[in-house]
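Below is a colleague's note on the structure, set out as numbered points for reading beside the coordinates. It takes up the ligand surroundings, some helices and a few individual residues in turn.

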Amino acid sequence: MSSNALAREPILVGHRQPITDGADYIESLRGRDLAVYLLGERVGEPVDHPVIRPSINAMAATYDLAIEDPELATAESAISGKRINRFLHITESADDVVMQNRMQRRLGQITGTCFQRCVGMDAFNSLYSVTFEADEAHGTEYHKRFKNFIRHCQELNLVVGGAMTDPKGDRSRGPVEQANPDLYTRIVERGDDGIVIRGAKAHQTGCVNSHWIVVMPTIRLRPEDEDYAVCAAIPVEDPGLSFIYGRQSCDTRAMEGGDIDVGNARFSGQEALIIIDDVFVPWNRVFLCGETEFVAPLVERFTAYHRRSYVCKTGVGDVLIGAAAAIADFNGVPNVSHVRDKLVEMTHLNETIYGAGIAASHESHQTAAGNWENDGLLANVCKHNVTRFPYEMGRLAQDLAGGLMVTEILSYPETVTVQHVVDDLRRNASVYADYNVQYIYVTKLDHSLAGVLRIRDLLLGGGETVLGDLIIKDTVTVGHLTPLQDLSDLLDRHRYLGLPVVNDEGRLVGVVRRAAVEEAIADADVIYMEPVVQADYTKGRVDEKDVEKGLTPVEYRVNLELLHQKAKRDAFVLHSLPRMDELTTDVDETRFGRYWVEAFNGVVMRMALLTLILGKAE
Ligand SMILES: Cc1cc2nc3c(=O)[nH]c(=O)nc-3n(C[C@H](O)[C@H](O)[C@H](O)COP(=O)(O)OP(=O)(O)OC[C@H]3O[C@@H](n4cnc5c(N)ncnc54)[C@H](O)[C@@H]3O)c2cc1C
Ligand code: SF4
């Protein structure tokens with residue numbers, strides 16, 4: 001610790017005017033000379049960094065929403081007597097707690113990511129009641145100080161980060177037992193003017209984009225951990241803070257330029273590791289100092305608030321469901337039953353997350369300090385849902401986006417030789433083992449499809465023969481936006497096992513296999529069957545000249561074995577009846593054979609209709 005750390009002047013946030021909107025907020029972050037490190041280098045101006053800026057845009061959306069929808073994103077504060085941003089509000093009713101969730105879902109919809117401002121909101125509300133109770137027990141003045149700090153943030157409309165998570169080190173040991181005492185943030189010096197604290201805070205959401213961070217302990221403490229029981233507000237531009245920027249998925253795409261395949265280009269989340277290197281905090285910004293017994297309630301309350309704040313993810317879920325539905329529309333399959341089922345399942349998962357979160361908020365109770373705190377058990381249910389359901393939703397969305405097309409295909413230019421291909425196949429045998437190799441797809445120089453090559457023709461070709469001489473050129477292709485129904489029709493007309501998929505420029509982008517269409521059908525709850533060959537029930541199907549003619553192709557016949565192998569356990573078959581060889585009679589007496597019930601109901605319905613028409617019934 002530097003011995004003169006206590007002599008430092010208290011640092012105050014530079015701006016004096018309330019921040020008005022998103023653009024003004026972005027300007028408020030400039031010129032702070034923060035020590036931010038990203039990809040191993042110190043960042044010049046975070047506001048202009050392509051990886052960081054989208055996270056700032058997401059935070060800015062919390063300001064703009066307050067203007068666009070003040071009912072949702074602002075509240076009247078009893079502390080400052082002003083209408084303030086809801087993220088800075090101390091809840092005054094259960095409705096206030098519920099409104100936080102509604103605002104979070106809306107912001108998730110707007111940004112499609114983490115907008116970062118909730119941690120501070122939840123820290124404000126948990127510390128509000130804990131400081132009150134600490135003062136009641138100890139005669140301290142933490143609550144008064146904390147209210148002054150809240151008023152300051154409300155009046156200037158600032159962003160506050162909640163810094164709880166310590167690096168922790170060996171989890172089986174408490175703070176004082178760690179080999180390195182700084183693994184938990186602690187007080188290293190107490191003086192007349194304030195304290196000096198040291199340590200680090202991990203995974204700090206939105207900290208580089210904040211004006212203040214509020215440091216809090218991370219676990220239940222024992223009396224001997226007194227130095228670790230510290231809560232304090234630190235301005236983000238304090239020179240004792242350094243920020244090691246955490247990575248977001250696909251973040252370097254933002255540095256590559258271009259306007260395609262950039263992910264969520266405008267918005268992103270932010271986490272960083274904060275190093276706290278002997279930071280002086282004047283007493284008026286210290287909100288807990290050694291009262292270890294109040295740490296557990298603080299951690300519990302913060303956790304309870306924040307675990308239902310995760311309804312933010314349902315806003316992101318709305319974006320995902322909307323995107324999946326748009327893709328299904330684009331692919332021409334919005335009404336296909338398995339597509340609808342998946343969208344319904346995604347919605348069910350999303351609303352289950354929201355249901356638990358909003359219920360936790362509705363079940364709020366008033367604390368001794370007067371603010372409102374949500375139900376902890378339901379908040380934990382919300383958190384558990386959030387740790388699972390978004391991943392399942394992502395899987396379903398992926399299925400909808402491209403489940404049918406296989407991109408792992410063997411493709412070579414038409415100018416390469418047979419020997420080259422054979423060598424490549426041998427060299428990469430383990431990679432190609434998972435490929436479903438029926439054909440080799442051969443491309444021209446511009447990557448458009450030149451033709452296909454049967455594996456048999458490849459093996460029979462001479463080693464020096466170029467592929468262009470062996471290929472079948474008049475290849476049937478499908479466009480990448482071909483609707484499922486058209487695809488199914490095409491596969492019916494041509495007996496291929498798969499069809500190459502090309503984009504608008506004729507470039508090969510993948511292959512759609514017949515089996516994939518069958519898999520799509522295997523998702524069905526109800527298998528509705530029609531004959532695929534034109535039925536002429538006045539004649540037998542078997543033509544003496546060609547025994548195959550008039551028969552249903554094998555791959556379209558449904559029998560009990562196939563249903564047992566492929567169909568869902570509770571799926572059933574409907575058929576217009578009479579049937580020929582497309583549906584075998586061994587299905588009749590099984591749970592699948594609902595067509596008899598259907599036929600019986602049809603008779604009853606027809607009889608009823610006839611009775612009505614003939615006026616024999618009322
Ligand atoms: C995206 C993101 C944003 C975040 N934002 C913030 C933020 O803004 N502010 C903030 O303060 N924190 C934030 N966090 C941190 C978050 O709260 C912590 O990650 C979380 O509390 C878990 O702590 P940890 O990472 O230290 O893991 P741990 O708590 O150490 O858990 C790791 C594993 O060890 C197990 N474990 C831990 N201790 C024990 C033990 N004693 N006995 C047995 N098993 C044990 C756990 O069950 C778990 O399986 C964020 C995290 C993420 C991922
Ligand atoms: S609740 Fe959601 S949006 Fe808010 S800080 Fe946490 S992850 Fe980000």
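1. A residue is taken here to be near a molecule if its C-beta atom, placed from the backbone, lies within 6 Å of that molecule. The model is a predicted one, and the points that follow should be read with that in mind. On this basis there are 13 residues around ligand 1, of which Met164, Thr165, Arg171, His203 and Thr205 come nearest.

2. Which strands supply at least two residues each to the shell around ligand 1? They are β5, covering 160–163, and β7, covering 194–205, and it is β7 that provides the largest share, with four residues. By class, the shell around ligand 1 is made up of three nonpolar, six polar and four charged residues.

3. His203, one of the residues that come nearest to ligand 1, lies in strand β7 and deserves a look at its backbone, since its phi is positive, at about 55°, although the residue is not a glycine. His203 is partly exposed, because 14 other C-beta atoms lie within 10 Å, a count that falls between the limits of 12 or fewer for exposed and 20 or more for buried.

4. Asp278 can be examined in the same spirit: this residue of strand β11, which covers residues 271–282, also has a positive phi, near 50°, and is likewise not a glycine. With 16 C-beta neighbours inside 10 Å, Asp278 counts as partly exposed.

5. Around ligand 2 the residues are Cys114, Phe115, Gln116, Cys118, Val119, Thr205, Ser309, Tyr310 and Cys312. Thr205 is listed here and is also among the residues that come nearest to ligand 1. The shell around ligand 2 divides into six nonpolar and three polar residues, with no charged residue.

6. Helix α5, residues 118–138, packs against helix α6, residues 142–156, with their axes 7 Å apart and at an angle of about 155°. The two helices are therefore roughly antiparallel, since angles over 145 degrees are counted in that way. On the α5 side the contact is made by Phe124, Leu127, Tyr128, Thr131, Phe132, Ala134 and Asp135, and on the α6 side by Tyr142, His143, Phe146 and Ile150. By class, this contact has eight nonpolar, two polar and one charged residues.

7. Val316, in helix α9, which covers residues 312–330, is buried, with 21 other C-beta atoms within 10 Å. Leaving aside neighbours within four places in sequence, Val316 is in contact with Gly108, Gly112 and Thr113. Val316 and Ile110 are 206 residues apart in sequence, yet their C-alpha atoms are 8.3 Å apart in space.

8. Is Leu349, in helix α10, buried or exposed? Leu349 is buried, with 21 other C-beta atoms within 10 Å, and this residue touches Phe389, Glu392 and Met393 when residues up to four places away in sequence are not counted. Gly317 lies 32 residues from Leu349 along the chain, and the C-alpha atoms of the two are separated by 9.1 Å.

9. Helix α18, residues 595–613, has 19 residues, which at 1.5 Å a residue should span 27 Å, and this agrees with the 26 Å between its end C-alpha atoms. Of these 19 residues the number buried is one, so α18 lies largely in the open. The helix is followed by Gly615, whose phi is positive, near 70°.

Note on methods. Residues numbered from 1 in each chain as written. Chains lettered and ligands numbered in written order. Predicted model: local features only at pLDDT ≥ 70, side-chain atom pairs only at ≥ 80, totals over all residues. Nonpolar A, V, L, I, M, F, W, Y, C, P; charged D, E, K, R; others polar. Axes fitted to C-alpha atoms, helices over the stretch in contact; angles between N-to-C directions. Parallel < 35°, antiparallel > 145°, perpendicular 65-115°, else oblique. Contact = placed C-beta atoms within 7 Å. Expected span 1.5 Å × (residues − 1).
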